[in-house]
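Ready for a bit of practice with charged side chains? Grab a pencil, look at the structure, and try each exercise before you read its solution.

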Amino acid sequence: MADTGGYLRIILDGTAFLLPGNAAAAVERRENLRVEGGGDRVGAWRVSGRDRWPALLLDRGLKLLRAGSWQQAVFVRSDPQPVGLLAASVEPLTELDVTVERFTSPGAAPTARGPLFSGAWVRGTDIVLQFDPDALAAYLSQLRTNQ
């Protein structure tokens, strides 16, 4: 995926989150992924040649789901490979559409990479939290291996 700039609006379990567009390695539709069954931690894989990128399904509280409704995956750049998040939808937004303010999550960071959120988009009474890409990738990797 080319650098989209702007943001990706990701819908998880009915709740919107933002991800900086340049953090995405790829966005894929469900039909382009290998869907896993049987309650594995990985809900789907992006397979291209020898590369296999895992994608996980989370609820609005960012807890791992074994099954649920999703239509797309966004893969976050990470080492050694991107890791994905399965979503009801992923919508590109321009920097003109979104004004993100700095946000510091209260409490302890869930990963060694820091808090999951680094910003917030306030729209009237709605607040859409922006993922920190490095922390999100670390969090997804932790969920995949530690549950």
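With 40% relative accessibility, aspartate 13 counts as partly exposed, meaning between the cut-offs for buried (under 20% relative accessible area) and exposed (over 50%), using a 1.4 Å probe and protein chains only. Before you go on: this is a predicted model, where local features need pLDDT of at least 70, side-chain atom pairs count only at pLDDT 80 or more, and totals for chains, interfaces and linings use all residues. Residues are numbered from 1 along each chain as its sequence is written, and side-chain values use heavy atoms, with hydrogens and water left out.

**Exercise 1.** Find which residue forms a salt bridge with aspartate 13.

Solution. Step one: recall that a salt bridge needs a side-chain nitrogen of Lys or Arg within 4 Å of a carboxyl oxygen of Asp or Glu. Step two: arginine 60 fits, with 3.5 Å from N to O. Step three: place the partners, 47 residues apart, in the loop between S6 and S7 for arginine 60 and the loop between S1 and S2 for aspartate 13. Arginine 60 has 49% relative accessibility, so it counts as partly exposed.

**Exercise 2.** Work out whether aspartate 59 is buried or exposed, and how far away the nearest side chain of opposite charge is.

Solution. Step one: aspartate 59 is buried. Step two: the nearest side chain of opposite charge is arginine 60, 7.1 Å away, and aspartate 59 has no salt bridge. Step three: look for another partner; the backbone nitrogen of lysine 63 lies 2.8 Å from a polar atom of the aspartate 59 side chain.

Notes: Lys, Arg positive; Asp, Glu negative; His and termini not counted. Polar contact = N/O pair within 3.5 Å; in protein donor to acceptor, adjacent residues only side chain to side chain. Helix = DSSP H or I, 4+ residues; strand = E, 2+ residues; numbered from the N terminus.
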